[in-house]
Amino acid sequence: MDYNSKTREELIKALLDLQQKYDALIATSEATLNGHKQMEVAFRENDSRLELAMHAANMAWWEMDIITGNIIFEKRKSEMLGYPFERFKHYRDFMDLVHPDDVERAMNAMRGHFSGTLDKYEVEYRILTKSGEYIWFHDIGSIVKRDSEGKPLYVTGLVLNVTKRKKAEEEVILKTEELLKLNVEKDKFFSIIAHDLRGPLGAFLGFTQMMAEDLPSMKQDAIQKITLSMRNSAANVYQLLENLLLWSRMEQGLIPFRPGAVQLNTIIQESLTMVQGPAKKKEIEITFDKSTGLEVFADVHMLQTVARNLVSNAIKFTPKGGKINIRARSADDNFMEISIRDTGIGMNRNLAGQIFLLGGHTGRKGTEGEPTTGLGLIICKEFIEKHGGKIWVESEEDKGSTFYFTLPARAKS
């Protein structure tokens with residue numbers, strides 16, 4: 001083989017080696033390119049999943065240049081507020097919308113993190129939306145870049161819409177406060193009930209002991225007087241227990257409410273018939289200014305209870321020879337107004353302000369020593385408000401009282 005042939009073979013071999021290396025380089029490049037593409041697709045998929053998760057959770061990321069106050073953020077943050085993305089360029093654009101009561105707390109949280117006092121920035125605040133309502137944000141962030149001296153340059157974080165949770169928490173707090181208040185009122189109420197039961201029951205037991213010990217030597221008129229007193233004590237206990245049972249059923253929602261068209265004159269007349277005995281005994285004159293065709297839209301049994309309780313109260317606190325007047329008239333807004341006026345002992349402003357409150361110090365005896373707890377008035381208030389009406393009193397000591405209540409004249413259309 002001559003020189004030229006050898007040289008040619010070596011050159012061909014070198015070219016073949018170069019071709020192989022080139023092919024290998026191309027293959028490597030393609031693999032690398034495919035790898036980059038796969039990584040890019042994976043990043044995009046992860047980014048898409050992250051964005052979807054953040055949207056589902058009402059969450060958005062944000063970043064702030066601490067030196068300039070300029071911000072960049074995920075558009076979801078502005079969407080939650082109902083504003084266009086372009087509205088927010090500086091952190092003050094957001095802070096101007098924060099509730100005035102929350103601004104200082106939010107700023108102190110950020111300052112505390114910048115100064116190193118707090119490991120992270122974290123705060124909850126209300127922020128005004130474009131619709132004019134406030135929503136709650138839970139904001140959390142941390143410094144991600146510092147200068148050579150350690151001063152913070154950038155802070156980034158996440159903001160989460162927690163309005164539903166905050167509303168739920170507020171509702172729980174309100175319900176808890178209501179329950180605590182109700183328990184306190186009930187404790188007072190049962191204390192009053194126990195005190196008022198002790199009186200007539202104690203008297204009843206005293207009379208039974210007297211009869212057990214002295215019956216053989218007692219005269220007929222004395223026996224009759226004691227048995228009458230026992231009857232009154234038993235009647236008072238029975239009435240108290242009836243009211244207590246009614247109130248308990250009312251609190252549990254066990255009393256049916258079936259309103260309908262009712263002739264007001266008929267209900268009031270029936271109530272007067274039921275209290276004729278006590279009124280006659282105290283020689284109290286009861287008048288009723290009747291008007292034909294007066295009709296209310298009410299539950300018959302509840303209305304009877306209200307009328308009976310109010311007239312009975314008027315009799316209790318009116319001395320012998322007094323007067324009670326009942327009147328009904330049309331009021332505004334499709335309501336009827338019923339008033340029960342007496343010439344009794346009346347009450348001062350402090351007492352008048354407590355008579356419709358559970359646990360209020362309203363227990364006082366009538367003009368003939370009739371016991372009362374005020375429970376009847378609480379029941380009246382509940383029943384009237386159940387109809388959408390109102391009940392109130394006007395009174396002056398030694399000059400009498402007037403109780404008013406309203407009921408709808410017809411069903412709501």
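Which residues lie nearest the centre of the second largest pocket? Select Met64, Tyr91, Met95, Met107 and Met110, since these five names are the answer, and then extend the selection to the full lining, which counts 22 residues. A word on the model should come before the rest of the tour. The structure is a predicted model, in which local features need pLDDT of at least 70 and side-chain atom pairs count only at pLDDT 80 or more, while totals for chains, interfaces and linings use all residues. Residues are numbered from 1 along each chain as its sequence is written, and side-chain values use heavy atoms, with hydrogens and water left out.

**The pocket**

With the lining still selected, note that the second largest pocket holds about 360 Å³ of space. A pocket here is an open set of points on a 1 Å grid over the protein atoms alone, where a 1.4 Å probe fits and protein lies on both sides within 12 Å along at least five of seven lines; lining residues have an atom within 4 Å of a point. Its volume is the space filled by probe spheres set on the points, which are joined across faces, edges and corners. Colour the lining by element, and β1, α3 (91-95), α4 and β3 will each be found to supply at least two residues, with α4 giving the most, at 5 residues. These element names refer to DSSP runs numbered from the N terminus, with helices being H or I of at least four residues and strands being E of at least two.

**The antiparallel sheet**

Next, show the sheet to which β1 and β3 belong: 5 strands form an open, antiparallel sheet in the order β2-β1-β5-β4-β3. Strands count as paired if DSSP finds at least two bridges between them. β2 (71-73) and β3 (121-128) are the edge strands, and each has a single partner, so one side of each is left without a neighbour in the sheet. On average, neighbouring strands here are turned by 25° against each other, direction ignored. Now add helix α4 (residues 100-115), which packs on this sheet and touches β1 (59-65), β3, β4 and β5, its direction making about 155° with that of β3. Such angles run from 0 to 180 degrees between N-to-C directions, with axes fitted to C-alpha atoms, for helices over the stretch in contact; contact means heavy atoms within 4.5 Å.

Zoom in on β4 (residues 134-146) and β5 (residues 152-161), which run antiparallel and are joined by 9 bridges, and pick out Arg146, which stands opposite Pro152 in β5.

From there, select Thr163, which is found in helix α5 (residues 163-214). Its relative accessibility is 10%, and it therefore counts as buried, where buried means under 20% relative accessible area, exposed over 50% and partly exposed in between, with a 1.4 Å probe and protein chains only. The side chains of Thr163 and Asn161 are joined by a polar contact of 2.7 Å, and the side chain of Thr163 also reaches the backbone nitrogen of Trp136 at 2.9 Å. A polar contact is a pair of N or O atoms within 3.5 Å; within protein, one must be able to donate a hydrogen and the other to accept it, and residues adjacent in sequence count only if both atoms are side-chain atoms.

**The mixed sheet**

Move on to the sheet of 5 strands with the order β7-β9-β10-β12-β11, which is open and has mixed pairing. Its edges are β7 and β11 (391-396), each with a single partner strand, so one side of each is left without a neighbour. Neighbouring strands are turned by 15° against each other on average, direction ignored. Display α9 as well, which packs on the sheet and touches β7, β9, β10, β11 and β12 (400-408), with a direction at about 175° to that of β12.

Both senses of pairing can be followed from β9: β7 (residues 285-289) and β9 (residues 323-330) pair in the parallel sense over 5 bridges, whereas β9 and β10 (residues 335-342) run antiparallel, joined by 7 bridges. In the hairpin of β9 and β10, with 4 residues between the strands, Asp333 takes a positive phi near 60°.

**Two buried residues**

Select Leu303 in helix α9 (residues 300-316), which is buried at a relative accessible area of 3%; among the residues that Leu303 touches are Val262, Phe405 and Leu407. Finish at Thr318, in the loop between α9 and β9, which is buried at 0% and whose side chain reaches the backbone oxygen of Ala314 at 2.5 Å.

Technical notes. Lists of a residue's contacts leave out its neighbours within four places in sequence.
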